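Open the model in your viewer and keep the selection panel at hand. We will walk through it stop by stop, beginning where two chains meet.

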Amino acid sequence: MTPKLQLKDHEAEQRLFIRRLSIAGVLILLLFTALIGKLADLQIANYEYFSARSDDNRLHSQYVPPMRGLLFDRNGEILAGNQPIFNLTVVSEQVENLNGTLQFLGSLVRLTAEDIDQFRNRMQRNRVPFTSVPLRYALSDEEKSRVAVNSHLLPGIAIEPQFVRSYPFNELTAHSVGYVSEINREELERMNDGQRENYGGTNHIGKSGIEFIYEELLHGTVGYETVEKNNLGQVMRRLDRTDPIAGHNLTLHMDSRLQIAAERALGDVRGAVVAIEPSTGGILAMVSKPGFDPNLFVTGITSKDYSMLVNDVVNTPLYNRSISPYAPGSTVKPFIGLAGLELNYVDYEYSINDPGYFRLPNVSYRFGDWTLRTAIGGGHGQTNLQKAIYQSCDTFFYELGNRMGIDDMHGFLSRFGLGENLAMDINFARTGVLPSIDWKRENVGEPWYPGNTLHASIGQGYMLATPMQMATATAILANEGRVVQPRMLKAVDNIPAEPVAENPVDNLVLSDHDYWHFIHESMTMVVHRPTSNVFRDYGGAYLTTAALDPEMPYKMAGKTGTAQVVAIDQSIRSSDDIQVSELNKDHAWFISFAPAINDYIEPKIALAVFVENGESGSGVAAPIAKEIIDTYLLDILQIDFGQSQQNLHLISQTSE
Amino acid sequence: MNNPDFVRQTSGTLADSTTRHPLWWQIHADLPLVAGLVALCIFGLFVLFSASDGDQSIVTRQAMIMLVGMMTMLVVGQLNVQFLRRHASSIYLAGLGMLGLVLIIGVEENGARSWIDLPGLPSFQPSEMMKFIVPLLLASYLSRRQLPPRFLQLLIAALLILVPVALVVLQNDTGTAIMVFMSGVFALLLAGIRWGIVLSGLFTLLLASPAWYFFLAQEHQKNRILTFFDPYRDPTGAGYNIIQSQIAIGSGGVHGKGYGNGAQSHLDFIPESNTDFILAVLAEELGLLGVLFLIGLYLFVLARGFFIAYIVKDMFSRLLAGSITLTFFLYVFVNMAMVSGLLPVIGLPLPLISRSGTSILTLFIGFGLLMSLQRHGRSPSS
């Protein structure tokens with residue numbers, strides 16, 4: 001069978017072909033109809049949906065972080081500012097070979113293994129695609145130009161400006177102003193939705209000090225901006241913008257010059273100074289040494305730096321000594337003496353004959369006089385309240401305290417803010433301990449023994465107070481009972497601010513106002529009453545203060561304190577014998593206000609100086625206090641005591 | 001002008017033609033077809049200009065390729081059908097030879113090893129030509145025998161189709177392989193292959209597809225199938241193209257966002273926006289109306305192809321003209337259906353709209369063949 005021989009029916013074949021062609025034509029039309037149906041489904045039925053999806057693709061609302069409010073001292077000196085830095089950032093989606101790029105970058109800029117580690121952490125944390133992640137903060141100008149020159153070899157790598165917190169005084173304000181640092185997970189979780197929204201564009205948050213307490217005022221309100229982004233996440237256009245509202249600028253009572261002076265006066269010790277303006281309660285200076293550089297924390301402290309700060313168990317630079325409790329020692333004596341007067345346990349004349357120790361009735365144990373413990377035998381002799389204050393006679397206060405009892409002592413001393421935190425905007429300050437019978441039962445689980453009262457009478461035993469509490473108590477003393485609550489904030493955006501006291505304290509009104517003058521006088525004697533260098537006069541500070549400055553133009557009231565170190569950390573004790581003996585030394589205190597006993601000028605400054613293991617209140621702490629007060633009254637306020645007494649006399653005459 | 005007598009008189013070589021006939025007639029150009037193609041090309045360049053973000057060099061290059069394509073089409077239009085018919089086997093064997101050559105010295109591009117890049121010549125894809133060579137041979141083979149074809153003829157025809165298809169599959173170019181296969185199938189369908197065979201063929205395919213899926217399909221092919229059924233199983237990976245493409249089309253609505261305002265394409269959300277996915281750009285910017293206009297242009301060209309297949313006088317011309325037209329339709333439909341999510345993604349351009357090189361040239365060669373058939377195929381010469 002050869003097909004070629006078969007007869008071909010051309011007509012039939014053509015009909016068959018045309019039939020098939022027609023079927024194909026119909027199929028084509030059907031298929032196009034289906035296609036148009038599908039397009040209509042996308043473009044008409046689901047238009048709204050896809051239109052929204054398209055906008056979601058391209059339109060991005062992004063946060064515009066507000067500028068953090070500035071912090072000024074009382075003279076307008078910047079304590080915390082915002083400095084532009086230039087960061088090296090990476091959009092990993094645009095980097096072809098991340099490891100190779102990082103290696104190359106390492107040859108251009110300083111890039112430690114830790115930088116890379118932290119960068120990888122950040123990458124995992126903010127995995128919003130196409131966002132830039134900082135690799136290195138704060139490039140130097142030279143590094144910036146090296147990266148810029150090679151930018152064509154570095155797709156996805158950019159240099160982005162950012163404003164970060166800077167503390168121009170470095171260590172000086174670390175404990176008072178505090179610092180900001182990257183927001184951590186716990187802080188984010190603590191926020192409510194509104195707050196979290198407000199921090200959408202913010203990387204940093206106040207961690208301590210003023211930065212922490214006034215975070216809400218300083219932060220400001222986040223702004224928004226709608227941008228059109230392409231598929232690579234690059235911003236093509238800005239469509240809409242709501243400007244952020246910058247945080248409030250805060251002015252503090254702090255005087256940076258006094259802060260510097262206090263730091264310099266403290267020198268190289270572990271210790272603290274708190275200086276308060278008695279008229280307002282404003283904190284003029286607040287120093288805790290050793291400090292640390294708060295700037296280290298802003299852009300992420302390296303673990304090496306951090307472990308150096310944390311592992312220094314002796315110096316504990318992160319520990320704010322100015323608001324930490326220590327036994328106040330003899331610095332409480334003026335307050336207890338005042339209690340004795342007010343509560344009629346003593347009068348100006350009452351005196352005892354001090355044998356150098358005190359014995360409770362029917363008990364053979366002798367409570368020794370700490371100020372005399374290095375001397376052999378003997379006491380202060382016939383001693384009244386004034387002498388007991390300026391010579392810091394323990395025996396007198398043992399006897400007074402024993403008669404007064406802990407209840408009266410507790411009640412009176414609490415009027416000076418001991419045992420509580422009077423500060424209005426230092427809410428993390430410790431409260432110390434003003435012991436009472438109840439306190440001991442609750443916290444020690446034992447009944448109160450008479451010996452406890454004796455220890456409390458000389459600021460030892462259970463009694464603990466922070467340098468800030470002692471400065472506050474001294475300010476109230478200087479104010480003759482007008483209670484001022486310590487505060488940092490002076491003004492918000494140059495408008496004077498009055499922080500609202502949560503639990504205002506009543507002023508202390510004595511039955512006889514002259515008691516104040518008596519105590520002031522007694523404290524002035526601590527500084528100004530000439531003494532000889534013998535053990536009996538150990539409690540006075542004359543030899544280390546006024547004696548060295550015969551032309552001292554003003555009177556200064558003060559009280560020394562040399563507090564026994566009650567507890568020493570066991571690990572330190574075993575680690576290093578030299579350190580142990582060093583850490584065993586007494587803490588040195590000095591509280592003071594000035595000018596004192598001045599008819600024309602109110603006290604301008606009240607302060608507490610604390611030197612850890614400083615050994616001697618009179619020998620170590622008192623000269624520090626004098627130096628600080630000199631600087632404040634003579635250099636900063638430039639009070640001319642000779643002249644001003646005249647002038648103020650005239651002024652007070654004309655105004656009254 | 002459709003008067004067969006008139007046609008008979010004027011058929012012949014260019015030298016015979018008298019000056020009374022217009023130029024397009026003398027050069028065997030089919031005016032409506034040329035007009036349709038020119039309209040498609042201009043519209044294509046217009047869409048491409050926006051899709052390429054106003055890149056003049058891309059548009060200029062595309063325009064040059066189109067001009068070269070037009071001229072190639074006119075040259076091919078001069079070929080005598082009888083020459084093609086007589087030498088169908090030789091052309092087919094030459095095509096197979098080229099495919100074999102590709103397997104040896106072929107150059108890989110976009111994952112398919114289908115290009116020949118000889119020094120001094122522009123690189124080209126021999127597999128593209130097989131879409132016309134296979135129907136050419138089948139038309140030649142089947143038209144000499146009684147239609148509808150018998151079983152033995154079908155077996156031979158199947159072999160003639162499957163050998164080049166297999167070679168193209170070996171090049172890892174599934175899209176073109178399907179097109180070559182379908183171009184042969186179209187010839188068989190038009191030749192009147194019995195429906196029973198067609199249905200059993202479809203049934204076999206249906207039964208075989210799971211086996212293919214589980215044993216033969218490569219990972220990326222499986223992915224495409226899965227993505228077709230659920231683009232959101234991997235929205236940023238395999239499903240990204242189709243999701244973004246649908247967003248572009250859907251957000252265009254009826255009227256579109258306006259020429260040059262397609263956010264999806266201009267912000268680089270649509271990958272391949274000036275090649276395979278150019279329809280998404282058109283649909284986003286010019287809306288459903290723009291797509292309907294394009295479908296209208298295609299329908300016009302298809303209708304002219306059908307007309308040519310209808311008027312030619314011998315079965316060879318009919319089969320070839322019909323197959324070429326249906327292959328062209330398949331191209332258009334598969335691309336549009338894939339971009340809109342009606343079919344799985346197969347890498348095929350949108351004819352005359354997508355930026356491309358060889359596909360435009362081969363399309364014009366196909367249309368050149370149509371014109372040649374139109375002029376030469378009317379009088380039975382033997």
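Start by coloring chain A and chain B separately and looking at the contacts between them. One thing you will not find there is a salt bridge: the count between chain A and chain B is 0. What the rule does find across this interface is 11 residue pairs in polar contact, with both partners at pLDDT 80 or more. That confidence value is a reminder that you are looking at a predicted model.

Now select the side of chain A that touches chain B. The elements giving two or more residues to this side are α1, α2 (47-58) and β8 (223-229) of chain A. Which of them gives the most? It is α1(A), with 23 residues. Color this side by class and you should see 23 nonpolar, 9 polar and 8 charged residues.

Widen the selection to both partners. Chain A brings 40 residues to the contact and chain B brings 58. Between them, about 4,300 Å² is buried, and carbon and sulfur atoms account for 70% of that area. On the chain A side, show Phe17(A), Arg20(A) and Gln43(A) as sticks: these residues lose the most area to chain B, together 17% of what that side buries.

Next, isolate two helices: α1 (residues 10-45) of chain A and α15 (residues 315-340) of chain B. Their axes are 11 Å apart and cross at an angle of about 10°. Because angles under 35 degrees count as roughly parallel, α1(A) is roughly parallel to α15(B).

Add side chains to this pair. From α1(A), the residues in contact include Phe17(A), Ile28(A), Leu31(A), Phe32(A) and Leu35(A). Facing them from α15(B) are residues including Leu319(B), Leu326(B), Phe329(B), Phe333(B) and Met336(B). In this helix-to-helix contact, 16 residues are nonpolar, 2 are polar and 3 are charged.

Stay in chain A and move to helix α2. Arg58(A) forms a salt bridge with Asp55(A), and the closest N and O atoms are 3.3 Å apart. Both residues lie in α2, 3 residues apart, about one turn of the helix. Over all chains, the structure holds 29 salt bridges.

The last stops are about the backbone. Most residues other than glycine have a negative phi, and most peptide bonds are trans. Here are some places in chain A to check against that.

- Select Lys289(A) and Pro290(A): a cis peptide bond joins them, with omega about -5°. Pro290(A) sits in the loop between β12 (283-289) and α11 (295-298) of chain A.
- Go on to Ala594(A) and Pro595(A), where the peptide bond is also cis and omega is near -10°. Look for Pro595(A) in the loop between β20 (587-594) and β21 (605-611) of chain A.
- Finish at Ser392(A), in the loop between α14 (385-390) and α15 (394-413) of chain A. The phi of Ser392(A) is positive, near 55°.

Terms used: Residues are numbered from 1 along each chain as its sequence is written. Chains are lettered from A and ligands numbered from 1 in the order in which they are written. Side-chain values use heavy atoms; hydrogens and water are left out. Axes are lines fitted to C-alpha atoms, for helices over the stretch in contact, and angles run from 0 to 180 degrees between N-to-C directions. Helices (H or I, at least four residues) and strands (E, at least two) are DSSP runs, numbered from the N terminus. Angles under 35 degrees count as roughly parallel, over 145 as roughly antiparallel, 65 to 115 as roughly perpendicular and the rest as oblique. Contact means heavy atoms within 4.5 Å. Ala, Val, Leu, Ile, Met, Phe, Trp, Tyr, Cys and Pro count as nonpolar, Asp, Glu, Lys and Arg as charged, and the others, Gly among them, as polar. Buried area is the accessible area (1.4 Å probe) that two parts lose on being put together, summed over both. A salt bridge is a side-chain nitrogen of Lys or Arg within 4 Å of a carboxyl oxygen of Asp or Glu. A polar contact is a pair of N or O atoms within 3.5 Å; within protein, one must be able to donate a hydrogen and the other to accept it, and residues adjacent in sequence count only if both atoms are side-chain atoms.
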